[in-house]
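Me: I'd like to learn how to read a structure like this one, feature by feature. Could you walk me through it?

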Amino acid sequence: MEFYPSLPRPKPSGRPWLMINMIASADGAIAVDGTSGALGNPADEAVFSAVRACADWILAAAGTVRAERYGLPRPGAASRRARRAAGRADRPRLAVVSGSLDLGLGLPLFAEQHPDDDPPLILTGRDAAAGAVEALESVAEVVRLASARPQPAEILAELDRRGAGVVLSEGGPSFNGQLADAGVIDELCLSIAPLVAGGASPRIVHGSLRTVPIDLSIDHLLEASGTLFVRYLSATAC
Ligand SMILES: NC(=O)c1ccc[n+]([C@@H]2O[C@H](COP(=O)([O-])OP(=O)(O)OC[C@H]3O[C@@H](n4cnc5c(N)ncnc54)[C@H](OP(=O)(O)O)[C@@H]3O)[C@@H](O)[C@H]2O)c1
């Protein structure tokens, strides 16, 4: 996986290249008991780090940040080397999309900051409550975007303005649905875990209103510890 960060990801006009990284069970579940933890294994963790090493910014929606108790990205030495070799800063920055700003200050991304960390960027809508913005401003940079509910194009334009060449969305599924509807998915990194989860979990893209499928082609297919790792490119990005 060391080569992943150096694969070509040409920036489309006016926005960064957008990758999505998700893990699913063989029957398509993205969570067991509310989180993705039970789907992973050490091989998948290595892939997760390698995929993160490809990105200037990591983007996650608030539901995922709450469920998975996100912290700030702190790449290990190998990831930092891969990032430098690909011309990236040592760490990606984290952006979180939230309308409600109902993000507890006890979440690790706020509560476990180090003095040299860049604060998370919280992207919200134009009508976000002043009190909620103020409550987060000591631990985050909060930006109100123009729409009442930020649209993928606005979110990517904001990250583009900040110099992002590659943005990695880590979901969740309902946010991925909006990205699919906006037609901005350039790359899908999908890990398929060797188990049948059952249950009523959504798929990796949920709630999309698309009627036209996004065609994908397989760029890489790897296997480790029974987990399949597929790097798909969207037909429009090839
Ligand atoms: N298997 C995997 O790889 C994987 C990856 C990620 C997540 N997950 C799982 O997926 C689940 C969470 O996914 P989810 O689909 O329920 O939620 P989600 O997409 O992670 O988050 C939805 C929330 O994000 C905010 N949001 C989304 N789009 C927005 C927009 N355009 N403008 C403003 N805010 C927006 C809203 O937060 P507010 O309520 O704050 O307004 C919304 O309630 C968890 O179980 C998690 O463990 C699995």
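Reply: Sure, we'll take salt bridges, one arginine, one helix and the ligand in turn. Keep in mind that this is a predicted model.

Me: Salt bridges to begin with. How many salt bridges does a search of the whole structure find?

Reply: The search turns up 16. A pair counts when a side-chain nitrogen of Lys or Arg is within 4 Å of a carboxyl oxygen of Asp or Glu. Take Glu187 and Arg9, whose side chains meet at 2.7 Å, N to O. Glu187 lies in strand S7 (residues 187-193) and Arg9 in the segment before strand S1 (17-25), so this salt bridge ties together parts that are 178 residues apart in sequence.

Me: And are Glu187 and Arg9 buried or exposed?

Reply: The idea is to compare relative accessible area with a cut-off: under 20% is buried, over 50% is exposed, and in between is partly exposed. Glu187 has 0%, so it's buried. Arg9 has 9%, so it goes in the buried class too.

Me: Which residue does Asp186 meet in a salt bridge?

Reply: Arg15, with 2.8 Å from N to O. That pair also links distant parts of the chain: Asp186 sits in the loop between helix H7 (173-182) and S7, while Arg15 is in the segment before S1, 171 residues away. Both Asp186 and Arg15 are buried.

Me: What does the pair Asp116 and Arg91 look like?

Reply: Their closest N and O atoms are 3.3 Å apart. Asp116 is in the loop between helix H4 (108-111) and strand S4 (121-124), and Arg91 is in the loop between helix H3 (77-85) and strand S3 (93-97), with 25 residues separating the two. Now use the cut-offs again: Asp116 has 54%, so it's exposed, and Arg91 has 30%, so it's partly exposed.

Me: Which residues are linked in a network of salt bridges?

Reply: Here you follow the links from one residue to the next. The network is made of Arg93, Glu141, Glu158, Arg161 and Arg162.

Me: Let's try a single residue. Where is Arg52 found, and why does it count as buried?

Reply: Arg52 is found in helix H1 (residues 42-52). It counts as buried because its relative accessible area is 16%. To see what surrounds a residue, list its contacts, leaving out residues up to four places away in sequence. Arg52 then touches Ile58, Tyr70, Pro73, Arg83, Pro92, Leu168 and Glu170. With Glu170, there's a side-chain to side-chain polar contact of 2.8 Å.

Me: How do I read a helix, then? Which residues of H7 are buried?

Reply: Start with the geometry: an α-helix has 3.6 residues a turn, so residues three or four places apart point the same way. In H7, the buried residues are Pro173, Phe175, Asn176, Gly177, Leu179 and Ala180. They pack against S1, strand S2 (57-61), S3, helix H6 (152-161) and strand S6 (166-169). After H7 comes Gly183, with a positive phi near 70 degrees.

Me: Last one, the ligand. Which residues come nearest?

Reply: Look at proximity, then polar atom pairs, then buried area. There are 27 residues around the ligand, and Ile23, Thr64, Glu68, Ser98 and Pro150 come nearest. A ligand nitrogen is 2.8 Å from a polar backbone atom of Ile30. One ligand oxygen is 2.8 Å from an N or O atom in the side chain of Ser100, and an oxygen of the ligand is 3.1 Å from a polar backbone atom of Phe175. Taken alone, the ligand exposes 920 Å², of which the protein buries 84%.

Conventions. Residues are numbered from 1 along each chain as its sequence is written. This is a predicted model: local features need pLDDT of at least 70, side-chain atom pairs count only at pLDDT 80 or more; totals for chains, interfaces and linings use all residues. Side-chain values use heavy atoms; hydrogens and water are left out. Helices (H or I, at least four residues) and strands (E, at least two) are DSSP runs, numbered from the N terminus. Buried means under 20% relative accessible area, exposed over 50%, partly exposed in between (1.4 Å probe, protein chains only). A polar contact is a pair of N or O atoms within 3.5 Å; within protein, one must be able to donate a hydrogen and the other to accept it, and residues adjacent in sequence count only if both atoms are side-chain atoms. Contact means heavy atoms within 4.5 Å. A residue is near a molecule or strand if one of its heavy atoms lies within 4 Å of it. Accessible areas come from the Shrake-Rupley method with a 1.4 Å probe; for residues, only the protein chains shown count as cover.
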